[in-house]
Amino acid sequence: MSHAEHAPAAPQTPKVPSVRTFHGDAFTDDYEWLREKDSPQVRAHLEAENAYAEAMTANQQALREEIFNEIKARTVETDLSVPARKRGWWYFTRTAEGSQYAIHCRVAATDTGDLAADWTPPDIEPGVAIDGEQVLLDGNQEAEGKPFFSLGGMAVSEDGTLLAYAQDNAGDERFTLRLKDLSTGELLPDEIENVFYGLTFSPDAKRVFYTVVDDSWRPHQVKAHVLGTDPATDTVVFQEDDPGMWLGFDLSADRTELLLSIGNSEYSETLTLDLLDDQAVPVMLISREHRILHSADPVTLDSGRAYVITHDRKALNNMVSLLRADQVSLPYAQQRWETVLEHSDSVKVEGTAATATHLLVSVRKDTTERVQILPLAHLGTAAQQPAVEPAFDEELYTASLANAELEAPMIRLSYTSDFTPARVYDYTLADGTLSLRKQTQVNDYDPANYRATREWATAADGTRIPLTILRRAEITNESPNPVLVYGYGSYEMSMDPGFGIPRLSLLDRGVVFVIAHVRGGGELGRQWYLDGKKLAKKNTFTDFVDATKYLLESGWADPKRIVALGGSAGGLLMGAVANLAPQLYAGIIAQVPFVDALTSILDPDLPLSALEWEEWGNPIEEKEVYEYMKSYTPYENVAALPYPRIAAVTSLNDTRVLYVEPAKWVAKLREETTGTAPIVMKIEMDGGHGGASGRYEGWKTRAWDYAFALDTLGLNPEGA
C-alpha cells in the first residue's frame, strides 16, 4: 500500500440513522441501509468499495500474480482421485490442466471371487482415458457460460442407471436438482428448484430424497420426489417447525433406512424411515425430549438389527452404546443401552460408521483426529474385542475415514499433516494391513525444508492454549520473525493438521504461520468448546490475544510484523481482537466476517439466525445474553482506536454471513479510527460463502489475501 500521498479517498458512506431497541436499550445504527441488496445506491457503494480496494492494493498485483503462479506451478493439475468401489463400479474424479472443475467418472468393476483383488482399485493414469470409462458429470461443461458453479450433492441409483445431482449457479447455496439417465446420457424432464445439500435414491430408484430450506435458509423439510411426476406434488417426508433446529438425513450402510436427524449444537433427535416400504412413515428412534446430543448408525449383528449410538448421555466427550432394535419401542427409561466404548476425559468420540463386519470410530485424541476399528462380533458384550488404531509416524496428523462400503474387506483412510500432502490408504480389516494407494504429488517441494511443532500459550485465567507453529526448517525463535496468526474458535470445529500448497508461498518468504487453537473449537474435547460459547464466548477472543502475546514473549514474532487472519466466525474473532488489542497487529484480514452478529441474531427472519441461539445465546429472550453479546460484537464496539490495516473480504451472494455485515463494519471503522492505516473491503459480486467458484478463482482469492498479508509484513518487493 505504497504511495499513500497519492491514495484515492475512501468511499463516503452516508449515515441514515435507524434505531434498534431491545430490553430497554436503544442502539442507533447509521449504516443499516446497506442491507438493501437490490438498491442501486447500495450496488453503487459496493462497486466503489471494490474500486477503492483495487486502487489501495494496486502495488500488490505483481505479488498476487507471483503467488498464484507459485500455487499453479506446485499443483499437479492433471490428476485423479483413487477409484472407490460402490455397487459394481469404480468411481473417481479427474482434473485437467487448464480446467477449473473436476470431471466425475466411473468404470465397471469385476468380480473374480478374490475379495482382495476385486477391491484393489484399477490402475488409471492421469489424463489417459481407459476402456469403458464413463463420464457422469463434467463440472467444466456444467459451468460453461455461468457466473458460478458448485455441486450440492450427487447420488447414483442402486442399479447404477440414474444420476441425481444438484448445482448452484449463483453462490447462494440454493441448488437445482436434475436427474440423468446414465445409459443414454440424457437428462430426465424432472427438475426441482431451491433444494439444499444432500441427495439419495430409494433402493428401487423410483424416488429421490432431498431437503428444502425455509425463508431463513434453515433446512426444514425432507421431501420425496417420485420420478416422472410433477415436483409440485412431492411428498413431505418430515417437516421441522422449530426455528432453532436443523434437519438433515443419512443413508444407512446397507441402504435400507433413511436416518432423519434434527438438532442443534446441544441436543438432537433421530427418526428412521424404512426405504423398503413405500408406505412407511418415520419412526422415532431417540427423541429430543431427552436432551441428548447423538448420532446413530444401524448395524446387523448375529443377534439381529441394532443401532450404534454415539451420545453425550452422562458422557461429556461422548461414548458409544448399542441399542438393539427390540429396545426401540420401549419407554426411554426402560431401554437397555449396552456400552461399546466408555467415556474418556482425554478422548472425544466424534462418530461412527460400519461395514458388514466392523465398527469404525472417529475419535479425537491429543488434539488430532484418528480412526479406531473393532469387530462387530460380540459388540456390546463381555466378549467384545478391543479397538485397534492404525499407527502413523508423525506426532501431529489427521487420519480420517474416507469410505466404508458394507461388503468391502477394507476401508479407505485419508491421511495428511501440515507438511505431508494428502495420502490415501486402504486398511484391510482382517489383518490390519495398510496399503498406500496414493501420495499426492507436489512439484518443487521437499518436506524436509519445513517444520511443524506444538507449543502452548497461557491465557490470563491459566488455561493452556495449543498453538501449531509452521515455518521453514532454518527459521527459529532466536530472532523475531514476521508472523501470520490464524484462528477460528466456534461451533466445536477443530483446525486439524492438513497440507496446503498456498501456505508454502508465505513460509518460503520467511513468514511463520501460527494456528491458535482457541476455546470455542473442539481440539481439546467438548469442554474446550463449551468454554468458548454463549456467556463464555469472550474466552475465544482473549485466548487469541494471549496467544499473540506468547508469540512475542517467546521470540517468534516481530512486534511490528504480525498479521491476524480468520474467516466467518473467525472473522468475528478478527473484529473482536481489532477492538481488544489493535496495537498488537500490523494488519487484520477478515474473510466473510460475522462482525454484526447481534443485529443478525436479533432478527429470526434473517438466514440461520434462530439456529445461532444455541451457539451464542438468545438475545431476543434473555437480557443477559443481549448485554453480553453487545459488549463484544465487533460492529457495536468499534471505538476511537488506532486500528491497523484491515481487509474485509466478502461475497454478495453469501447466505451464511451477509455482505452487509462487513460493509457496515468497514464504514464504522473508517468513521472511528484514530489511525491512518487504510481499511478496505473486497467483495466478490458472483460468489458465495467460499468466494468465487473454480480452483483457479480460489487460488486467486488466496493469493489476494496472502499478498495483502505479505505487503503488511513488509515483504512485498513493490512496497513503499
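**Exercise 1. Describe helix α13 in this predicted model: how many residues does it have, how far does it reach, and how is it placed with respect to the rest of the structure?**

Solution. Start with the length: α13 has 18 residues, and the distance from its first C-alpha to its last is 26 Å, close to the 26 Å expected at 1.5 Å a residue. The structure in which this helix is found is a predicted model. Next, count the covered positions: 13 of the 18 residues of α13 are buried, so the helix is largely enclosed by the rest of the structure. Then take one residue of the helix, A707, which is found in α13 and counts as buried at 0% relative accessibility, the cut-off being under 20%. Leaving aside neighbours within four places in sequence, A707 is in contact with Q60, L63, R64 and I67. By contrast with these contacts, A391 serves as a distant reference point, since its C-alpha atom is separated from that of A707 by 38 Å, with the two positions 316 residues apart along the chain. Finally, look just after the helix, where G714 takes a positive phi of about 80°.

**Exercise 2. Identify the residues that touch the most other members of the largest nonpolar core, and state which helix gives the most to this core.**

Solution. The largest nonpolar core holds 113 residues, and those touching the most other members are L467, V485, F544, L551 and Y585. The helix that gives the most to this core is α13 (residues 695-712), with nine residues. To follow one of the listed residues outward, take Y585, which, with neighbours within four places in sequence left aside, is in contact with V485, F544, V545, T548, I562, A564, V577 and P644. Apart from the largest core lies another, of 17 residues, which includes L301, V320, V340 and L359.

**Exercise 3. Characterise helix α12 and then D29: which residues of the helix are buried, and which residues does D29 touch?**

Solution. Begin with the helix: α12 (residues 660-672) has 13 residues and spans 18 Å from its first C-alpha to its last, close to the 18 Å expected at 1.5 Å a residue. It is mostly covered, with 11 of its 13 residues buried, and the buried ones are V660, E661, P662, A663, K664, W665, V666, A667, K668, L669 and R670. Now turn to D29, which lies in strand β2 (residues 25-29) and is buried, with a relative accessible area of 4%. Not counting residues up to four places away in sequence, D29 touches V16, P17, S18, Y635 and K664; of these, K664 also appears among the buried residues of α12. As a last step, compare sequence and space for D29 and V19, which are 10 residues apart in sequence and 6.1 Å apart in space, C-alpha to C-alpha.

**Exercise 4. Describe the second largest cavity: what is its volume, and which residues lie nearest its centre?**

Solution. A search of the whole structure finds four cavities of 30 Å³ or more, and the second largest has a volume of about 100 Å³. Its lining is made up of 13 residues, of which W119, N403, M410, R412 and D426 lie nearest the centre. The elements giving two or more residues to this lining are β4 (84-86) and β27 (410-417), and β27 gives the most, with three. Sorted by class, the lining has eight nonpolar, one polar and four charged residues.

**Exercise 5. Work out where A205 and R255 lie, and whether each is buried or exposed.**

Solution. Recall first that most residues other than glycine have a negative phi. A205, which is not a glycine, has a positive phi near 60°; it is found in the loop between β11 (187-201) and β12 (207-213) and is buried, with a relative accessible area of 10%. R255, also not a glycine, has a positive phi of about 60°; it lies in the loop between β15 (246-251) and β16 (257-263) and counts as buried at 13% relative accessibility.

**Exercise 6. Locate R519 and list the residues it touches.**

Solution. R519 is placed in the loop between β33 (512-516) and α6 (526-530), and at 4% relative accessibility it counts as buried. Not counting residues up to four places away in sequence, R519 touches A459, D461, T463, G489, W528, D531, G532, N539, T540 and D543.

Technical notes:
Residues are numbered from 1 along each chain as its sequence is written. This is a predicted model: local features need pLDDT of at least 70, side-chain atom pairs count only at pLDDT 80 or more; totals for chains, interfaces and linings use all residues. Side-chain values use heavy atoms; hydrogens and water are left out. On a 1 Å grid over the protein atoms alone, a cavity is a set of points where a 1.4 Å probe fits but cannot get out, and a pocket is an open set with protein on both sides within 12 Å along at least five of seven lines; lining residues have an atom within 4 Å of a point. Grid points are joined across faces, edges and corners, and a volume is the space filled by probe spheres set on the points. Helices (H or I, at least four residues) and strands (E, at least two) are DSSP runs, numbered from the N terminus. Ala, Val, Leu, Ile, Met, Phe, Trp, Tyr, Cys and Pro count as nonpolar, Asp, Glu, Lys and Arg as charged, and the others, Gly among them, as polar. The expected span of a helix is 1.5 Å times one less than its number of residues. Buried means under 20% relative accessible area, exposed over 50%, partly exposed in between (1.4 Å probe, protein chains only). A nonpolar core is a set of buried Ala, Val, Leu, Ile, Met, Phe, Trp, Tyr and Cys residues joined through side-chain atoms within 4.5 Å. Contact means heavy atoms within 4.5 Å.
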